[in-house]
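Colleague: I would like a close look at a single part of this protein, followed by how the rest is built around it. Please keep it brisk.

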Amino acid sequence: MAAEPRYVVAIDNGSQSVKVLVVDAHGEVHASAQRPLRATVSPAPGQVVHPGDDVWDTIAVTTREALARFSGDPAHLVGVGLCTIRFCRALLGDDGRLVEPLLSWMDERVSRPHVDDPRVRWVTTSSGYVTLRLTGGHRDSAANQQGVWPVDQETWRWSDDPAAYESTGMRREQLFGLVEPGALLGAVTPSAAAETGLPEGLPVYATGNDKAVEALGAGVRGDDVLLSLGTYIAAMTTGSEPHSDTDAYWVNFGARPGLYLYESDGIRRGMWTVTWWRQLLEHGEPIAEEELNAGAAAVPPGSGGLHAVLDWLAPTGAPYRRGALLGFDGSQGRYHVHRAILESIAVTMRGHVDALEGALGRSAGELVVSGGGSRSELVMRILAAVFERPVRRTRLTDAAGMGAAICALVGAGVHPDWDAAIDATVRVADRFEPDPDWVDAYRAVRARHARLPEHLDPLFRALAEETAD
């Protein structure tokens, strides 16, 4: 007699959208839904928030939509894996509701200590807030405490050092309890069940910060390096050391207990820039990204001499920088610009990955690529040529969703351990080998791109000084 199927609901709340999957023990997706978040707003200079209660509202409606498409027996659902945006900050009143909209990771306040506010009873992350809405409990994933939080990087618990609370402006009684990835956060309450369509009493399991969960869902183990093509683009690998002694990478919590994510420098508005360019072209008529990719594929490597500098949101180490497009001579069009943006993403991240691997003294044979950008064959071909190594993508582009599912599958006991869960659910879709002609062309592009800061930085510094005056 065949065993009854078991399914988990994976919630992946990213910076631009919410995706929800219903996944079985073998990593097959039986239902899904995706909804965009509303655009963030800036109520004051340096402040960026998710308007209203948009993150929860979008999670609720997207989950309800995914479950409505699920043709299986809801009684076979065994858990929820919850993954949300890292670096966010939720300020809650006594009733557990937001006293102001959720602070985005782009908000300057999340990089500074919390300022005491008599309205605020609880200070938590996006995952802590959504957990409260789902379960009614004040618990959160230890692996999503990225940024200014009084957390002990070695123990995955709140610090015992009073100085940690003084430096973050937070009091211990304002913080939720912490659990490790795969551990139980609580169970879906009747009110949350009514809003989301999830069965009442369904267990909710912790995951980690969204990049760590994405690495887990992409099957990153050992020396693998993942390139995450999201709103924020970064490269990452895993290890067991909780601290870094180099600026080539920083360390945050992994999505498996005891493992850490080593993360390179990144592009703060990465695939966002691709969306920005497409929207500029629309003029009321939607333009599919597939159309831009097809047109850009006919443009030779180098984009007719165009270069993109992807500092639309400046890196923290060089706040004066701005985005730029350089090299126009009248021969280029929309497809050249699109390709120049894709090439700049690849070239910029090649430099960051070289620094990461050099500092660790190791190199991956292949590059794993995830995120929406990995759906593009052109993007994968450019990456293979720029990195001069094979690149591969997984069967499911939503690696964070699969990572959230893996956490729930382990938490619910469907698989005995993390490696067994990865082996059962993660599969490679295809590989791309470097084109030798493109490799040669991109070596020249990389050399020119490396010289741009020495010419642009003085201009951007001067612009920043003029703006400050």
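Is R172 buried, partly exposed or exposed? Please start there and then work outwards.

Modeller: This is a predicted model, so everything below is computed from predicted coordinates. R172 has a relative accessibility of 39%. Buried would need a value under 20%, and exposed a value over 50%. R172 therefore counts as partly exposed.

Now its setting. R172 lies in the loop that links α3 (162-168) to β10 (177-179). Set aside the neighbours within four places in sequence, and R172 is in contact with W158 and Y165. P162 is ten residues away from R172 in sequence. In space, the C-alpha atoms of R172 and P162 are 9.5 Å apart.

Two other loop residues deserve a look for their backbone. Most residues other than glycine have a negative phi. W156 is not a glycine, yet its phi is positive, at about 65°. W156 sits in the loop between β8 (151-152) and β9 (157-158). Its relative accessible area is 3%, so W156 is buried. F87 is not a glycine either, and it also has a positive phi of about 65°. The loop that holds F87 runs between β4 and β5 (90-92). With a relative accessible area of 24%, F87 is partly exposed.

Next, the whole chain. It has 13 helices and 21 strands. Its radius of gyration is 22 Å, and the globule rule gives 23 Å for 469 residues. Those values are close, so the chain is as compact as a globular protein of that length. The C-alpha trace spans about 65 × 60 × 50 Å along its principal axes. Of the 469 residues, 57% count as buried. Take the contacts with a separation of 6 or more: 69% of them join residues 24 or more positions apart. The accessible surface comes to about 19000 Å². Carbon and sulfur atoms hold 50% of that surface.

Now the sheets. One is an open sheet of six strands, in the order β3-β2-β1-β4-β12-β11, and its pairing is mixed. The edges are β3 (29-36) and β11 (184-187). Each has a single partner strand, so one side of each is left without a neighbour in the sheet. From one strand to the next, the twist averages 20°. Within this sheet, β1 (residues 7-13) and β2 (residues 17-24) run antiparallel and are joined by seven bridges. I11 stands opposite V20 of β2. Helix α10 (residues 399-411) packs on the sheet. It touches β1, β2, β4 (77-83) and β12 (203-206). The direction of α10 makes about 140° with that of β1.

Helix α10 also has a helical partner. Two packed helices are described by the angle between their axes and the distance between the axes. For α5 (residues 210-217) and α10, the angle is about 85° and the axes are 6 Å apart. That makes α5 roughly perpendicular to α10. On the α5 side, the contact is made by D210, V213, E214, L216 and G217. On the α10 side, the residues are A399, A400, M402, G403, A404, I406 and C407.

Another open sheet has seven strands, ordered β15-β16-β14-β13-β19-β20-β21, again with mixed pairing. Its edge strands are β15 and β21 (428-432), and each pairs on one side only. Here the twist averages 30° from one strand to the next.

Take the β15 end of this sheet. β15 (residues 250-253) and β16 (residues 260-263) pair in the antiparallel sense over four bridges. N252 has L261 of β16 as its bridge partner. The two strands form a hairpin with six residues between them. In the turn, G258 has a positive phi of about 90°.

Now the β21 end. β20 (residues 391-394) and β21 run antiparallel, with four bridges joining them. There R393 has D430 of β21 as its bridge partner.

One helix lies across part of this sheet. Helix α8 (residues 334-360) crosses β13 (225-229), β14 (233-239) and β16. It runs at about 20° to β14.

To return to the opening point: R172 is partly exposed, and its loop lies between α3 and β10.

Note on methods. Residues are numbered from 1 along each chain as its sequence is written. This is a predicted model: local features need pLDDT of at least 70, side-chain atom pairs count only at pLDDT 80 or more; totals for chains, interfaces and linings use all residues. Side-chain values use heavy atoms; hydrogens and water are left out. Two strands pair if DSSP finds at least two bridges between them. Axes are lines fitted to C-alpha atoms, for helices over the stretch in contact, and angles run from 0 to 180 degrees between N-to-C directions. Contact means heavy atoms within 4.5 Å. The radius of gyration is taken over C-alpha atoms; the globule rule is 2.2 Å times the number of residues to the power 0.38. Buried means under 20% relative accessible area, exposed over 50%, partly exposed in between (1.4 Å probe, protein chains only). Accessible areas come from the Shrake-Rupley method with a 1.4 Å probe; for residues, only the protein chains shown count as cover. Angles under 35 degrees count as roughly parallel, over 145 as roughly antiparallel, 65 to 115 as roughly perpendicular and the rest as oblique.
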